[in-house]
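Colleague: I have some questions about how the ligand site is described. Let us go through the terms one by one.

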Amino acid sequence: MKEIKHFINGEFVGSSNGKTFENINPINGKQIATVHEGGMDEVNQAVSSARAALQSEWGSMDVNERVNLLYKVADGINARFDEFLEAECADTGKPYSLARHIDIPRGAANFKVFADTIKNEGTELFTMPTPDGTGAINYALRAPKGVIAVISPWNLPLLLMTWKVGPALACGNTVIVKPSEETPTTTALLGEVMNDAGIPKGVFNVVHGFGPDSAGAYLTQHADVDAITFTGETLTGTAIMQAAAVGVRDISLELGGKNPAVVFADCDMDKAIEGTTRSVFANCGQVCLGTERVFVERSIFDEFVERLKQSAEGLKVGVPEDKDSNMGPLVSKTHQEKVLSYYKNAAEEGATVVTGGGVPDMPEDLKGGAWVEPTIWTGLADDATVIREEIFGPCCHIRPFDTEEEAIQLANDTEYGLASSVWTENISRAHRVAAQIDSGIVWVNSWFLRDLRTPFGGMKGSGIGREGGVHSLEFYTELKNVCIKL
Ligand code: NAD
């Protein structure tokens, strides 16, 4: 059985307490690896290695050298593309076709994008008058924040982890990553790539394990961690924010969503159906930016529901290597139980099940997998559970609306504010509505189109802070103002 160890100070090490857990393939429920579970010892070692590395050659390295090393990391991922691809698909069950175009290339690109950002970004300078007439100059110096804890989720494991590690290292910090217990493999592989690229020991560390009473909590509570960047559920974000309050440490939180799509009668129906099919069902609905609430103008409601139903029923649920498969399983049996409990709840609360609502009939060898059917509901009240809570599965509720004002009010009627999509061919309406929806990103006539230089993050319960482009520098560096009296 394959063994996945921690990566501390440039070396792969097992847990001192001998504790391990199973890494399960969600397509069939079979074990694919044994993972070492980190305890306080491993977290302490990783944090002290990261601290020491700040004082080593890494700390005094000029930005060009650092940028060159990060380019080598990106090249190293691309050179082992197929290995990363297989590992990611085995851990998550997602189709190769998806991970080949999104997870792995974006995972590599995150190192280049932020290397370029740090290389090209200057700081500010202000001159000011003084009463004695000589004046003064203010300029800003940017310094790394220090030791950063990176806590990442399982839905896009490599992509979301490197989205944080890339800018953290570009800015000269050192990191300890605690990947999701569901998807440890690509983060472990990245350790090998870091060594091959020549990243100094202790700059990138990985400790595997769980959240509460395990590596995640020990790491976020560790007094020598300077800042914590987290992607995951809003409830976990709340616990991490409480941990970060001790020692007044900085946090970046990218949390859950309950994202709306608003479809106006003047939309291009083909585009709206194609885009909404992706935003609801891609990655088996396990995308933080995915749509779970769809609002459709009443005059096209019946047609839209019928066409989204046909589109959902045309999706093929299958194993990663199946070229025709559009959807894999959910990430785990535990998550399958959670999603199915929402399916049951929707029916109990009176939903009309337009399609799906259960488990697809899979071949014998896949019956132990975490499969669920793509599901669409209509007819629920606005306070129904599946309309209020994030499900993180391949499902949505569709509700009609009559006016633009009502659509905006419905879209904003949520504790979350991560992403939204607006479908209209009326350019004035597009601008008007986009400005009024409370979410970190509003797509017009698209979904998941990302320019990595733009701000990314959530409003309300969906997070704190913005990452992407120069916005990542705000979190991963400390700005110091130097005021010189002339
Ligand atoms: P999760 O919160 O359960 O776990 C995320 C990570 O936090 C894991 O590594 C886990 O081990 C760790 N963790 C759990 N409890 C912890 C604790 N008390 N202290 C420290 N670490 C702890 O999230 P998940 O189920 O892995 O991911 C799905 C969630 O992530 C969804 O809510 C989704 O919307 C959200 N998400 C958000 C974004 C975004 O950019 N806003 C992106 C992807 C996923």
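Colleague: What makes the ligand and the side chain of T236 a polar contact?

Modeller: An oxygen atom of the ligand is 2.6 Å from an N or O atom in the T236 side chain. A polar contact is a pair of N or O atoms within 3.5 Å, so T236 qualifies. This is a predicted model: local features need pLDDT of at least 70, side-chain atom pairs need 80 or more, and totals for chains, interfaces and linings use all residues. Residues are numbered from 1 along each chain as its sequence is written, and side-chain values use heavy atoms, without hydrogens and water.

Colleague: Which distance does W154 show?

Modeller: An N or O atom in the W154 side chain is 2.8 Å from a ligand oxygen atom. For E254, a polar side-chain atom lies 3.4 Å from a ligand oxygen atom. The protein covers 92% of the 850 Å² of accessible area that the ligand has on its own (Shrake-Rupley method, 1.4 Å probe).

Colleague: Why is the ligand said to lie between domain 1 and domain 2?

Modeller: Domain 1 (2-255 + 462-485) and domain 2 (259-450) both give residues to the shell, so the ligand lies between them. The bounds come from an automatic or database domain assignment.

Colleague: Which residues come nearest to the ligand?

Modeller: K178, E181, T236, L255 and E390, of 31 around the ligand (a heavy atom within 4 Å).

Conventions: Polar contact = N/O pair within 3.5 Å; in protein donor to acceptor, adjacent residues only side chain to side chain.
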